[in-house]
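Hi everyone, thanks for coming. I'd like to walk you through a model on the screen, so have a look while I talk.

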Amino acid sequence: MTDPLRPGDPVELGGYRLLGRLGQGGMGAVFLGRGGDGRLVAVKVIRPEYASEAEFRGRFRSEVNRARQVPPFCTAEVLDADPDHPTPYLVVEYVDGPSLSQVIAEQGPLTAGNLHSVAVGVATALAAIHGAGVIHRDLKPANVLFALGTPKVIDFGIARAFEVTSQHTRTDQMVGTVAYMAPERFDTDHHTPVGPAADVFAWGAVVAYAGTGRTPFQADSPAATAARILTQPPDLSRLPASLQPVVARTLAKDPRERPTAHELLDLLLDVDQAEATQVMRPELLRVAEAARRTRPGSRVVRRVVLAAVAALTLVGGGLLAAHSVVPRIQSALNASPAAVQQQPVGKPSPTPSRKRVIQGPSIFDRLDRPGQWTPTRDDSGRCEFTNDRLEATTGGANWFACKGPADIFAGDQSVTVDATVLTSGACASIWFRKVEEAGYQVLVCAKDVRIRLDDEGAVSGESKKNLPPAELGHTRRIEIAVQDQKATVYVDGIAQLSTTLDEPSLAAGRVEFGPYDDIQEGDTKVAFANVEVLTL
Amino acid sequence: MKRALVVLAFVLVAGGCGTASKPGAGPSGPAPSSAAPSSEPPSKPSTKPSPEKSAPTFGDVTQGSTKTVVKMYSFDADNQSAVVEPIDFKTGVCAPDDDECHAEWDAQDSHRKVTVPVADEPKFFNWQNDNGDVCIKKPEDGGTCPMKPKAFATWIKENPGEMVAVTTDNGEITRAALVYVP
């Protein structure tokens, strides 16, 4: 469920338009957002008290880097993050469906067949997560979502960034939910490292909860629950008999006695292969089999599973399609094709989203051949690579934009490019922070340079400065430097203009080039070369 | 036998790690049959320091001559152009005392996309040939089995952003080899 934005909530962050609130957690608020490519995403905005700590930012960056190596395979993919943003944020695949905890709360424990499928799906996710060297640390029913009937594990790996930030985490505020915490996580005296086995323990607790509606060490208070976890055997009496031995092994007090995630998959798929095949769709079986062939360590793991993931995605129904558990899941299964396309389950993220984990993106292109910019032609104008540069001409309109990279630049940045006016009345147009048809525009004309806000052709806030006379064909080196929301335009190294960038909807956007016909004479031509865009 | 030896050499270079990862979705066919079975334990830690302790370094492919690993986003044979992102590619990345680290390689992105000219007659290489024989000397050098330009272009088109070891001479790509990671 999405709630409206509250007063004071950002409407845009890092190029993502925020549409509503999905929830509020310990790390901060989670928003539903839409990326520049139209894809819906979940944007997790970090609480300000964390953002002020260099230790946290470093840990956050490191953990996000690892989390991004996890195959998008029964997991919600980490798409983007900016630990260095004034408001650090994390962007993950948006999973439009109920959580396992919601399903159990509304419908009660899962049937044996569905339980087995969820058990395999979550174990598959753990194998993928551990295969990338990541530990989830907060696996619980609320972190298992159903998209188109397929379980997807969310929030893996990120908890560690918060866990080790001691200033905010006391012993009574450990990251995780007590009922799913392994015994070793309560051992604060010996600083026992928490390893993948803790996730396997959580898997056992999650499956027990999904099958019985009760956690296996359930007690009246968190303290009593912790005590039972440390001293008592789990209560698995109401769990289907076929799963009891496996779940019991995962809930062993000694982490060394628990199976690894891959061994767990082996147990689930091998103990009764016939039964597994019977209750699971073949597509899930294939991806689970693929996952158990993987082992920790490499991006090849991604490649191995992608074909199987694609197969699962194309089927769309996922593992619960043949065994609908609740109406909400069934509703998701019946989603329209358009809705299915909006939720690219298991699909690797588009490259534009892979940008800002360590630092902002940058671009360099001599513009002497097609590359990041490509030839463009329609009735409004054309852009072509001639004379070792990008030459752009207006046609039926008074402006034109050459097709360039979709990379989004936010915050402080600089755009540097050689601009040449080739015909009378032409101006070289440089847009930055452009979103759809709106953006800031710098016009380099024969006699002057201007900066203004161009909102779908409606121009406002224009500043203008005359330039020393130059003949047509004279090339000028233009730099637009944005720092602290102030843009300064340099021409051949000399500052000419500056303006404040105060349009809130244009905090980030693309960089584009094109011709502008200043005197409406038609067919004006300009050229660009040697572009460099930097995030500062 | 040749294939087994090559794989063995590669595994040793990569940090002595057995892996179950089968490059079945690789550019030209199935994984080498001599890859370690999936039941093998996770890789042994490397003796090299953790990559988090050193700043990444990225090759400059815009000028001069260099040899580096990049993510290649597009390759245009007709216009002799490629869009790449230099990365810092390392193997043997786990510190000995990092029990949570299971990575056999690590790649730090530069987040800098560069359009690079391609030389007139560049050489392309794969890490396995059509028979499934593996040809790798060092992971960071990419494969050594010759690959046809058209096959390379098709591979990049179908797998944008995959890692490629490139050699540049005078700011032009003269060699491009697909990188296999264990």
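**A walk through chains A and B**

Let's begin with chain A: of its 536 residues, 53% are buried. Please keep in mind that this is a predicted model. In secondary structure, chain A has 14 helices and 23 strands. And if you take the contacts in chain A between residues at least 6 apart in sequence, 66% of them join residues at least 24 apart.

Now, let's zoom in on one helix of chain A. Which residues of helix 3, residues 100–107, are buried? They are A:Leu100, A:Val103 and A:Ile104. Down the helix axis, those buried residues fall within an arc of 95 degrees, so they line one face of helix 3. For anyone who likes the geometry behind that, an α-helix has 3.6 residues a turn, so residues three or four places apart point the same way.

What do the buried residues of helix 3 of chain A pack against? Their partners are helix 4 (112–131), strand 7 (144–147) and helix 6 (196–212), which belong to chain A as well. The other side of helix 3 carries A:Ala105 and A:Glu106, and these are exposed. Right after helix 3 comes A:Gly108, with a positive phi, near 85 degrees.

Over to chain B, and another helix. In helix 2 of chain B, residues 149–158, the buried residues are B:Phe152, B:Trp155 and B:Ile156. Viewed down the axis of helix 2, they sit within an arc of 95 degrees, so they line one face of this helix. Among the elements covering them are strand 1 (66–76), strand 4 (112–126), strand 5 (145–147) and strand 7 (172–178) of chain B. Turned away from that buried side of helix 2 are the exposed residues B:Lys150, B:Lys157 and B:Glu158.

My last stop is a single residue, B:Ser81, which you'll find in strand 2 of chain B, residues 81–91. Is B:Ser81 buried or exposed? B:Ser81 counts as buried, because there are 23 C-beta neighbours inside 10 Å, and the cut-off for buried is 20 or more.

So who are its contacts? Leaving out residues up to four places away in sequence, B:Ser81 touches A:Arg369, A:Pro370 and A:Gly371 from chain A, along with B:Asp76, B:Thr115, B:Pro117 and B:Val118 from chain B. Finally, B:Ser81 and B:Glu172 are 91 residues apart along the chain, with their C-alpha atoms separated by 9.1 Å.

Thanks for listening, everyone!

How values were computed
Residues are numbered from 1 along each chain as its sequence is written. Chains are lettered from A and ligands numbered from 1 in the order in which they are written. This is a predicted model: local features need pLDDT of at least 70, side-chain atom pairs count only at pLDDT 80 or more; totals for chains, interfaces and linings use all residues. Helices (H or I, at least four residues) and strands (E, at least two) are DSSP runs, numbered from the N terminus. A residue is buried if 20 or more other C-beta atoms lie within 10 Å of its own, exposed if 12 or fewer, and partly exposed in between; C-beta atoms are placed from the backbone. Two residues are in contact if their C-beta atoms, placed from the backbone, lie within 7 Å. The arc is that of the directions from the helix axis to the C-beta atoms.
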